[in-house]
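The exercises below are meant to be worked through with the sequence and the model side by side. Try each task before reading its solution.

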Amino acid sequence: MKIVSSIEELRDQLRGQLRTAFVPTMGNLHEGHLSLMRLARQHGDPVVASIFVNRLQFGPNDDFDTYPRTLQRDAEKLEKEGVYVLFAPTEKELYPEPQEFRVRPPDDLGNMLEGEFRPGFFTGVTTVVLKLLSCVQPRVAVFGKKDYQQLMIVRNMARQFALPTEIIAAETYRADDGLALSSRNVYLSEQERAEAPWLYLALDQVAQQVRAGRRDLAQLETAAMEALRTRGWQPDYVAVRKRSDLQAPSADDLAQGAPLVTLGAARLGATRLIDNLEV
């Protein structure tokens, strides 16, 4: 595996490649990330991964400075997965001048749910993803469903800008107890790690009740948040939304069986976890 840090080196390595599959990450890789690499290989060749902790998507109270950076260990894992190139640019390489041009998602998608609680987050995400796609120019790029809203925003961006990259969705990779794997799970204490699967369980309970015919979604959402609070969580939201656009379903949507997804975000101690479950 070749590790390159400059855009020029990256393009030299990929010149003439027409079936590149790309997986962008922020590093501190776990088995969930590696499953994305395996899915990427099914859709293209060579596989390119990137590691870049993107300052633009971190708010003033987020964990940019303390976000775990484990480049050497990550590189060893990627090499074992047969990744061809690891693009690991410095901040100065990717943003050699202030990034004044930004990609802002539409308000009706970018300012709800995660966007409400992390203002500017999706503008930072879409800006860096567009720039990385421009650098790699892949035929396909793989994003995980764990970040459901992010996946939808990136997919919509690629379509509206007519990018020559197909966005592939990867299923959420979970531990045996149901916890979605996340780089931020390392922040959890032993006691918090034992409690952490309850976010998934709360979403699963909502999903089961919706499948059973419950239509009082607001009550289900409120009850799930209250159940988390009683266990010591600080929930930001639990929401049942349409998979198509993440808007709240109308009575007609429910009557017609519109595909739904339940999403949640909550803080456990100092760690903020997100998850979702398609209904």
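**Exercise 1. Decide whether Gln234 is buried, partly exposed or exposed, and list what it touches.**

Solution. Gln234 has a relative accessible area of 47%, so it counts as partly exposed, given that buried means under 20% relative accessible area, exposed over 50%, and partly exposed in between, with a 1.4 Å probe and protein chains only. This is a predicted model, in which local features need pLDDT of at least 70 and side-chain atom pairs count only at pLDDT 80 or more, while totals for chains, interfaces and linings use all residues. Residues are numbered from 1 along each chain as its sequence is written, and side-chain values use heavy atoms, with hydrogens and water left out.

Next, place the residue: Gln234 belongs to strand E7, where helices (H or I, at least four residues) and strands (E, at least two) are DSSP runs numbered from the N terminus. Leaving aside residues up to four places away in sequence, Gln234 touches Ala266, Arg267 and Gly269, a contact being heavy atoms within 4.5 Å. Ser35 lies 199 residues from Gln234 along the chain, and their C-alpha atoms are separated by 30 Å.

**Exercise 2. Work out the order of the strands in the open sheet that contains E7, and explain why E7 and E9 each have one side without a neighbour.**

Solution. Begin with the order, which is E7-E8-E9, three strands with antiparallel pairing; two strands pair if DSSP finds at least two bridges between them. Because E7 and strand E9 (271-278) stand at the edges with a single partner strand each, one side of each is left without a neighbour in the sheet. From one strand to the next, the twist averages 10 degrees.

Then look at one pair in detail: E7 and E8 are joined in the antiparallel sense over eight bridges, and Val240 stands opposite Thr262 in E8.

**Exercise 3. Describe helix H7 by its length, its burial and the residue that follows it.**

Solution. First compare the span with the expected value: H7 has 16 residues and reaches 23 Å from its first C-alpha to its last, close to the 22 Å expected at 1.5 Å a residue, where the expected span is 1.5 Å times one less than the number of residues. Second, consider burial: 13 of the 16 residues of H7 are buried, so the helix is largely enclosed by the rest of the structure.

Third, take Thr127, a residue of H7, which counts as buried at 4% relative accessibility. A polar atom of the Thr127 side chain lies 2.9 Å from the backbone nitrogen of Val103, and the residues that Thr127 touches, beyond those up to four places away in sequence, include Leu56, Gln99 and Phe101.

Finally, H7 is followed by Gln137, whose phi is positive, near 55 degrees, although Gln137 is not a glycine. Gln137 sits in the loop between H7 and E5 and counts as exposed at 55% relative accessibility.

**Exercise 4. Find which element gives the largest share of the largest nonpolar core.**

Solution. The largest nonpolar core has 42 residues, and those with the most contacts inside it are Leu10, Phe87, Leu94, Val129 and Leu246; such a core is a set of buried Ala, Val, Leu, Ile, Met, Phe, Trp, Tyr and Cys residues joined through side-chain atoms within 4.5 Å. Among the elements that give two or more residues to this core are helix H1 (7-14), helix H7 (121-136), E5 and strand E7 (234-242). The largest share, nine residues, comes from H7. Apart from this core lies another one, of 21 residues, among them Leu199, Leu203, Leu228 and Leu268.

**Exercise 5. Compare the loop residues Pro46 and Asn28 by their backbone geometry.**

Solution. Pro46 is found in the loop between helix H2 (31-43) and strand E3 (47-51), and a cis peptide bond with omega of about 5 degrees joins Asp45 to Pro46. Asn28 lies in the loop between strand E2 (21-25) and H2, and has a positive phi of about 50 degrees although it is not a glycine. At 5% relative accessibility, Asn28 counts as buried.

Key: Axes fitted to C-alpha atoms, helices over the stretch in contact; angles between N-to-C directions. Polar contact = N/O pair within 3.5 Å; in protein donor to acceptor, adjacent residues only side chain to side chain.
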